[in-house]
Amino acid sequence: MTDIQKNLIAGEWLAGESEVENRNPSDLSDLVGIFAQASADQLEATLDQAQVAQREWAAYGLERKQAVLNAIGNEMMARAEELGTLLSREEGKPLAEGKGEVYRAGQFFTYYAAECLRQIGENADSVRPDIEVDVRREAVGTVAIISPWNFPTATASWKIAPALCYGNAVVWKPANITPASAVALAEIIERQDIPKGLFSLVMGSGRSIGQRLVESPKVNAISFTGSVPVGKGIAAAAIQNLTKVQMEMGSKNALAVMDDADLDLAVMLALGGAFGGTGQKCTASSRLVVHAGIHDAFVEKLVTGAKAMKVGHALEAGVQMGPVVSEQQLNENLAYVDLGKTEGAELACGGQRLEMPHQGFYMSPGVFLNTTNDMRINREEMFAPLTSVIKVGSYDEALSVVNDTNFGLTSGIVTQSLARATHFRRNARTGVVTVNLPTAGTDYHVPFGGRGDSSYGPREQGKAAAEFYTTVKTAYISAGPV
């Protein structure tokens with residue numbers, strides 16, 4: 001009998017009102033675990049305790065907080081192989097990516113451990129005589145964190161770490177499809193020198209626990225990563241309590257390949273950007289905007305490279321692309337393949353369900369050719385190992401296509417022209433721009449976020465995170481006569 005993995009409610013590990021199974025998408029016979037689903041009463045109890053714990057945590061000394069975050073980060077980095085294996089087993093990304101994700105997640109905690117000592121305010125003289133002004137940031141209170149399944153450890157960590165760094169309590173609802181990584185991280189955090197109930201793990205469906213969490217007046221801020229429709233629903237619920245929100249949502253990222261690009265580099269960036277993480281990442285290169293002067297040579301190498309990618313069990317050596325995360329996701333992906341064909345796109349390779357030695361949700365990486373930017377496959381986020389090539393006749397047309405989207409998370413250009421690279425960097429309407437690099441992949445010490453339907457609210461990561469996880473207090477001081 002498999003043990004039921006519990007929720008962390010008000011500082012105690014508790015069973016819930018029901019359970020869900022978690023199976024390995026690489027091998028459905030592999031039961032990763034059975035996970036408790038929190039009840040509404042448990043959520044209320046943990047929100048109440050979070051308010052008490054947050055006041056205690058805010059009063060901790062800076063070095064005491066720093067030690068907690070350092071300990072979390074260092075343990076995650078030390079256990080990257082073990083926890084990365086668990087992550088790959090339940091989510092499906094190749095083991096190297098799983099280990100890399102856990103290690104990077106640890107770095108978020110050690111980065112924000114250092115930020116605990118850098119919380120420096122401002123001071124000024126008042127416009128009135130003999131009055132000084134002190135401006136500082138204080139914790140916002142209790143933060144609800146709702147994280148996705150595609151980066152179950154990293155995305156959660158880049159939210160949890162700054163939340164704790166700046167003195168907040170955290171109530172975390174992870175994606176229900178990747179609960180094992182959530183429990184593993186929660187166990188590390190719970191063992192630290194923190195007040196009882198400062199950090200909570202509430203697993204459950206978005207319709208029940210998630211909705212109740214975002215509607216709660218006991219929550220002071222909500223940080224969410226997921227789809228646009230869910231994000232808009234959260235914002236609508238949050239405004240009823242004037243709850244602060246930060247949301248990272250959909251994308252339709254473009255990689256522009258110019259006629260002066262290094263061809264081999266461009267193909268490598270496109271393949272990695274489009275099919276890394278099985279295309280299940282918000283920074284995936286789903287639109288390849290290619291100059292006519294290099295189009296045919298680029299397409300030939302791209303299709304050859306896509307066909308050569310090794311798809312297989314996430315834990316097998318040499319696998320470059322694992323399975324899709326779930327049957328529902330796979331069915332949605334295959335529906336987009338059919339849609340693309342209906343719209344007149346040519347499927348040059350892939351886009352098919354694969355039969356493998358293990359029963360799982362395998363799909364071959366697909367490349368669409370002869371597409372236009374008004375096709376739905378180029379307007380909607382597919383979250384699949386599918387990418388589309390859009391041929392353009394000039395740099396100006398390429399930039400116009402890149403910007404012709406409701407989204408605005410990342411974009412990239414491959415060129416050897418400094419003038420084009422500079423112009424693109426300044427005029428691409430995305431929150432992140434890359435030059436001769438994949439659209440995917442970000443550093444932890446600088447801001448991350450987008451424009452349009454991709455993001456709403458303050459930026460994540462780096463020092464920019466303070467804007468969301470803190471509130472500003474301005475104090476006026478009159479010392480009186482000497």
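Seven strands of this predicted model form an open sheet of mixed pairing, in the order β15-β16-β17-β14-β13-β18-β19. A further open sheet has three strands, ordered β6-β7-β21, with antiparallel pairing. According to an unreviewed UniProt entry, the annotation "domain: Aldehyde dehydrogenase" covers residues 13-474. The points below treat the sheets, a hairpin, the annotated span, a pocket, the cysteines and two backbone exceptions.

**Seven-stranded sheet**

- The edges of the seven-stranded sheet are formed by β15 (346-349) and β19 (432-435), each of which pairs on one side only.
- From one strand to the next, the twist of this sheet averages 25°.
- At one edge, β15 pairs with β16 in the antiparallel sense, over three bridges.
- Within this pairing, glutamate 346 stands opposite leucine 369 of β16.
- Strand β13 (residues 253-257) pairs with β14 in the parallel sense, and five bridges connect the two.
- Alanine 256 stands opposite valine 289, a residue of β14.
- Strand β14 (residues 285-291) is mostly covered, with seven of its seven residues buried.
- As background, strands of a sheet pair through backbone hydrogen bonds, in either the parallel or the antiparallel sense.

**Three-stranded sheet**

- The sheet β6-β7-β21 is open and its strands pair in the antiparallel sense.
- Its edge strands are β6 (122-125) and β21 (470-477), and each of them pairs on one side only.
- Neighbouring strands of this sheet are turned against each other by 25° on average, with direction ignored.
- Four bridges support the antiparallel pairing of β6 with strand β7 (residues 132-139).
- Aspartate 125 has glutamate 132 of β7 as its bridge partner.

**Hairpin of β4 and β5**

- Strands β4 and β5 form a hairpin, with two residues between them.
- Strand β4 (residues 18-24) runs antiparallel to strand β5 (residues 27-37), and seven bridges join the pair.
- One of the residues in this pairing is asparagine 22, whose bridge partner in β5 is glycine 33.

**Annotated span**

- The span 13-474 comes from the UniProt record, where the entry is unreviewed.
- Over residues 13-474, the chain is 40% helix and 21% strand.
- The C-alpha atoms at the two ends of this span are 40 Å apart.

**Second largest pocket**

- The second largest pocket holds about 650 Å³ of space.
- Its lining comprises 31 residues, of which Phe151, Lys281, Ala440, Gly441 and Thr442 lie nearest the centre of the pocket.
- Helices α4 (95-115), α5 (154-165) and α9 (263-275) each supply at least two residues of this lining.
- Of the contributors to the lining, α4 gives the most, with five residues.

**Cysteines**

- Zero disulfides are found in a search of the whole structure.
- Cysteine 165 is in no disulfide, and the nearest cysteine sulfur, that of cysteine 116, is 3.9 Å away.
- That separation does not meet the disulfide criterion, because the two sulfur atoms would have to be within 2.5 Å.
- Cysteine 165 has a relative accessibility of 1% and therefore counts as buried.
- Cysteine 282 has a relative accessibility of 17%, so this residue also counts as buried, the cut-off being under 20%.

**Residues with positive phi**

- Alanine 10 has a positive phi of about 50°, although it is not a glycine.
- Alanine 10 is located in the loop between β2 (7-9) and β3 (12-14).
- With a relative accessible area of 16%, alanine 10 is buried.
- Asparagine 370 has a positive phi of about 55° and is likewise not a glycine.
- The loop that holds asparagine 370 lies between β16 (366-369) and β17 (386-392).
- Asparagine 370 counts as exposed because its relative accessibility is 53%, where exposed means over 50%.

Note on methods. Residues are numbered from 1 along each chain as its sequence is written. This is a predicted model: local features need pLDDT of at least 70, side-chain atom pairs count only at pLDDT 80 or more; totals for chains, interfaces and linings use all residues. Side-chain values use heavy atoms; hydrogens and water are left out. Two strands pair if DSSP finds at least two bridges between them. Axes are lines fitted to C-alpha atoms, for helices over the stretch in contact, and angles run from 0 to 180 degrees between N-to-C directions. Buried means under 20% relative accessible area, exposed over 50%, partly exposed in between (1.4 Å probe, protein chains only). UniProt positions are given in the numbering used here, feature names are shortened, and annotations may be inferred rather than shown by experiment. On a 1 Å grid over the protein atoms alone, a cavity is a set of points where a 1.4 Å probe fits but cannot get out, and a pocket is an open set with protein on both sides within 12 Å along at least five of seven lines; lining residues have an atom within 4 Å of a point. Grid points are joined across faces, edges and corners, and a volume is the space filled by probe spheres set on the points.
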